[in-house]
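The following exercises invite the reader to study a structure step by step. Each task is followed by a worked solution.

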Amino acid sequence: MKKSKRHSKPQTMSCTSPIAVSQNTISSSTTPSTSNPTTTTGYILPSPSTPTSSGVWAVENSGSTTTTPTLNDAPTTTGSQIDAVLPFEILARVLSSLDPRSRGRACRVCARWRDVLYGSAQCWTRLDLSNRFSLGGDKYQDQPDGNRVDRMFLTLFGRPASAARFTRLARLDLSCTDVDMSIFSDETIANVLGGSLTHLILNGCVNVDSGSLYHLRQLRALRALDLSHCELVDDTGLEVVSFYVPWLTHLNLSYLFRITERGIARVFRMPGVVAVNLMGCYRIKQYPWAVADTTKRTALPMRELLLGEDSRIQTRGFWLLWCTFSFSTPRLVALCPFLETLRLNMVLFDLPADGLQTLLLGCKRLRHLSLVVDRAAVPALCEVATVLKNLDTLETTIHIGVTKELIKDLVDAGCFQKLKALKFHSKHTTVFTDAGLAQLCDAADGNLEYLELNGDKITTTGLLPVPGKLPALQSLLVHHVAIEGRTMRKLAAGCTHLKELTITDLQQTAYSNRISHIVKPPAATMGLTTSLSRIKKIELSSFRGFTDRDLALIPQNCPNLQWIDFSFSFTYPRTTTSIAHHCKSLLYLRLCRSTRPAISAVGSLATRNPTTTSTTTSSTHPSSSTHPPACAALPPSGFHASSPECRALHHFSRIGARRLRVLDLTGNLGLTDWTLPQLAQLPSLHTLFVDSCNGISHKGVLEFAERKYRQLKRVHVRNCRNCEVADAMGALEGLRVEIVVDGGRVLGRRWDEDA
């Protein structure tokens, strides 16, 4: 009787690669070795120095050698099996071409790929051990067995098994860590990093001081050093660097508040320095080329020089710090004739009539220029408009006093053809109308990436030319503007590269205006799709109009947000919940319940809008809250634990952004003595700002600090009438938590202070 095919068992099952099949011929005494990544099980893979015969692999066996069939005779291998016959060197070179994220995923494919990626030195040219996403660094805890980064150093570079992979390490980032600089004097670590490390980033490291820079003398290949925000480095530190590490070519000394002209003179004596960043060094009262010693040589090999102050980090409403007083263009040209990049951000200088022309004609290699434009500088710029066309990029900051007529003169003269960034000293400077903005977009020729303007004289459709004529725009900052729905949808569809969006004092012109149109146009009606999913920083504020339901759509459509600043007249229960679910990479969050403007400024639209409330009114009259009062008497905040605001904060603390570092809550947003301690569940939170919240007392603040003391660095409380932390002095004695009430420190000490 015939056997049914249904129940017949196949004689052989070929599921393995030819290598696996041929392994059956190997003696059972052969032991697979995984210590050498260049050797597969039972095989000696050919290297480029020892070629074998075409298509023949040698098989290792105890006492004998067996010849396997050639690859031409072997069955066809699949794509997932081809790596089994590739030598280690070829596979390492293929995998090294992947980006870092793809390499991490490739390590999870199989054990061999993991061994190749871990053991190949060409895959480890950059290493990031920083806390640069912590917005100021984590809170460091004293540990008896040494610092965390130092132990990691010894693990990675001190052991021969792991140090072999870092023989080609060229870039090391240690930003915002507690690294001990003496670790670079260790002989084992110096042997691993001394011949390959070219870039070292020590931005914001608290243990880096002037004396500790001596330990960098072992890094003979080091060319770029970043010491920005290292507050303990002074002129002595720059002298140490110039003496023990004279081979440096790039120095980032930005925001070193202790350095002066004496230290800069030491830096300019280094023979090979080509780039120096001196942004934010406010104690430097003269330009570097005014103090440089030119007795021994006539010119410096300087290619890049950055001075002044970054206007983006300045607090609006305060006078900026001008870092210098005098300017000598002929001396600069004589000392630095090879300049390619010159940035004079937030620097006012008194140039002679032909000073700017002397600079542009003397530095023939100049390609990137950044300067402040005041009333006196406008005629000089118009005279050198033809020379400005030779630049690659031009960044300008409009100073107070420049009118729209002067801006029109610059546009007509053709000074803005290579304009990359247009900033303003004050957000109240009004220089643009609809026609002027359209002319600027035409003159920029599509090169503009950063645009800031005041919209007082711009109509609701004035921003329509921006998306079409500025395709490379990455940052858009508009103040005091009214935008209709059609303009919002056009911005959402056209600004494909936008990463930063700021709209302050946004005015709702009609009920049909939805703030969510900025990030999500209605595709069903307009045929457009959203393009702002890449946006990382958003700041929106409006004193009247709009709703929480509409605002909640912004986090939903922008999952990559890292910085959120909302200021509206309503509470944020839906928005808070939306942020918790979608913004997993959030680092900074500010939610402000803004104060209602004067009655004369509130039109009929605000009068009919039921969402318009006031911080002051809600704190004294609970009935003015966006939610109806309960039967029982409401607490001072106007919210019960079961109110949507309190439940939203509790939900956010449980599943919210796990990387959130800074939280700022202004106004009555549901923060009470019950919800405040719940925020301690945010694992990475180290700074909390609370303003104008009458629902919390000193008990809630102290309970929050006690639960969060391991990561918490500071708590700032302002205008909270029920919070008197001074009544509980000593409750947190020994905890490194700084609590500040109304500008005065009343409890604890700073997290980086000694006992």
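## Exercise 1: A salt bridge between two helices

Glu239 counts as partly exposed, at 27% relative accessibility (buried means under 20% relative accessible area, exposed over 50%, partly exposed in between, with a 1.4 Å probe and protein chains only). This is a predicted model, in which local features need pLDDT of at least 70 and side-chain atom pairs count only at pLDDT 80 or more, while totals for chains, interfaces and linings use all residues. Residues are numbered from 1 along each chain as its sequence is written, and side-chain values use heavy atoms, with hydrogens and water left out.

Task. Determine which side chain meets that of Glu239 in a salt bridge.

Solution.
Step 1. The term is defined as a side-chain nitrogen of Lys or Arg within 4 Å of a carboxyl oxygen of Asp or Glu.
Step 2. The side chain of Arg266 meets that of Glu239 in a salt bridge, at 3.6 Å from N to O.
Step 3. Arg266 belongs to helix H9 (residues 261-267) and Glu239 to helix H8 (residues 235-244), so the pair ties together parts that are 27 residues apart in sequence. Helices (H or I, at least four residues) and strands (E, at least two) are DSSP runs, numbered from the N terminus.
Step 4. Arg266 is partly exposed, its relative accessible area being 29%.
Step 5. Glu239, Arg262 and Arg266 are joined into one network by salt bridges that share partners.

## Exercise 2: Further salt bridges

Task. State how many salt bridges the structure holds, and say whether Arg343 and Glu395 are buried or exposed.

Solution.
Step 1. The structure holds eleven salt bridges.
Step 2. One of them links Arg343 with Glu395, the closest N and O atoms being 3.1 Å apart.
Step 3. Arg343 lies in strand E10 and Glu395 in strand E12 (residues 393-398), so this pair ties together parts that are 52 residues apart in sequence.
Step 4. Both Arg343 and Glu395 are buried.
Step 5. Arg486 also forms a salt bridge, with Glu484, where the closest N and O atoms are 3.3 Å apart. Arg486 is partly exposed, with a relative accessible area of 43%.

## Exercise 3: An aromatic cluster

Task. Describe the aromatic pairs that Phe153 forms with Phe157 and with Phe184.

Solution.
Step 1. A pair of aromatic rings is described by the distance of the centres and the angle of the planes. Rings of Phe, Tyr and Trp (its six-membered ring) pair if their centres lie within 6.5 Å; planes under 30 degrees apart count as stacked, over 60 as edge-to-face and the rest as tilted.
Step 2. The structure holds 13 aromatic pairs. Among them is the edge-to-face pair of Phe153 and Phe157, with 5.1 Å centre to centre and 65° between the planes.
Step 3. Phe153 and Phe157 both lie in helix H5 (residues 148-157), four residues apart, which is about one turn of the helix. Phe157 counts as buried, at 0% relative accessibility.
Step 4. Phe153 and Phe184 are likewise an edge-to-face pair, with 5.7 Å centre to centre and 80° between the planes.
Step 5. Phe184 lies in the loop between strand E4 (171-173) and helix H7 (187-193), and Phe153 in helix H5, so the pair ties together parts that are 31 residues apart in sequence.
Step 6. One aromatic cluster is formed by Trp124, Phe153, Phe157, Phe166 and Phe184.
Step 7. The charged end of Arg165 sits over the ring of Trp124, 5.6 Å from its centre (this requires NZ of Lys or CZ of Arg within 6 Å of the ring centre and within 35 degrees of the ring normal).

## Exercise 4: The buried side of a helix

Task. Identify which residues of helix H12 are buried and what they pack against.

Solution.
Step 1. In helix H12 (residues 355-362), the residues Gly355, Leu356, Leu359 and Leu360 are buried.
Step 2. They cover an arc of only 130° around the axis, which puts them on the same side of H12; the arc is that of the directions from the helix axis to the C-beta atoms.
Step 3. The buried residues of H12 pack against helix H11 (329-335), strand E10 (341-345), strand E11 (368-373), helix H13 (377-383) and helix H14 (385-388). Contact here means heavy atoms within 4.5 Å.
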